[in-house]
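User: Hey, got a minute to walk me through this one? I've got the sequence and the model open.

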Amino acid sequence: MVRKVLLVCGILAALLYVGSDILAALRWEGYSYINQSVSELRAIGAPTRPFLVPILTIYALLEIAFGMGVWMSAGAKRALRITGVLLFALGVLDLTAYFFPMHLREEISQTGRTLNETMHVIGTGVTVLMILLIIGFGAMANGKWFRLYSYATLLVLIVAGVLGAL
């Protein structure tokens, strides 16, 4: 029963993240998904920061719980055990993100980058790498169709990341 509850935390985490992102964007008059990053919703000085920080703390704790549930479900599947550990670590990383919130873009353009922005960029890079590894190791956990689906997801994420960077 505990394992099932921990696995449900993964679904709850995803719903909470997407829902809080949408609600925060709606609460910030003038926020633009096209012109602003999702990180700006919780940036220092953002009107949505007080709303998002507690919610995203719960999100990170749900991620950690989900990682534990995946690890407990792994049995002899080494790839799934690694996936569980990576999910757990991703949740811990998401908790540490609160120590280095970025500043609003206007402030950065006036004052320049700070240690917070540098650490935020590094944290984002590590997060992206961890997500790619989670999908890659998770792909090995089930049959051929799940593996193909996972590889297609990786391809879409990589192509979107490259296009976004351009």
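User: Which helices do the buried residues of helix 3 pack against?

Analyst: They pack against helix 2 (49-73) and helix 5 (115-139). Keep in mind that this is a predicted model.

User: OK, and which residues of helix 3 are buried?

Analyst: Ala 79, Leu 80, Thr 83, Gly 84, Leu 86, Leu 87, Leu 90, Gly 91 and Asp 94. They sit on the same side of helix 3, because they cover an arc of only 165° around its axis.

User: Why would residues three or four places apart point the same way?

Analyst: An α-helix has 3.6 residues a turn, so that spacing brings you round to the same direction.

User: Back to Asp 94. What's the nearest side chain of opposite charge?

Analyst: That's Arg 42, 6.0 Å away. Asp 94 is buried and has no salt bridge; the cut-off for one is 4 Å.

User: So what is Asp 94 in contact with?

Analyst: Setting aside neighbours within four places in sequence, Asp 94 is in contact with Tyr 59, Ala 60, Glu 63 and Thr 127.

User: Switching topic: what comes after helix 2?

Analyst: Gly 75 follows helix 2, and its phi is positive, near 60°. Helix 2 itself has 25 residues and reaches 35 Å, close to the expected 36 Å.

User: And the whole protein, how many helices and strands?

Analyst: Six helices and zero strands. The radius of gyration is 17 Å, close to the 15 Å that the globule rule gives for 166 residues, so the protein is as compact as a globular protein of that length.

User: How much of it counts as buried?

Analyst: 36% of the 166 residues.

Key
Residues are numbered from 1 along each chain as its sequence is written. This is a predicted model: local features need pLDDT of at least 70, side-chain atom pairs count only at pLDDT 80 or more; totals for chains, interfaces and linings use all residues. Side-chain values use heavy atoms; hydrogens and water are left out. Buried means under 20% relative accessible area, exposed over 50%, partly exposed in between (1.4 Å probe, protein chains only). Lys and Arg count as positive and Asp and Glu as negative; His and the chain ends are not counted. Contact means heavy atoms within 4.5 Å. Helices (H or I, at least four residues) and strands (E, at least two) are DSSP runs, numbered from the N terminus. The arc is that of the directions from the helix axis to the C-beta atoms. The expected span of a helix is 1.5 Å times one less than its number of residues. The radius of gyration is taken over C-alpha atoms; the globule rule is 2.2 Å times the number of residues to the power 0.38.
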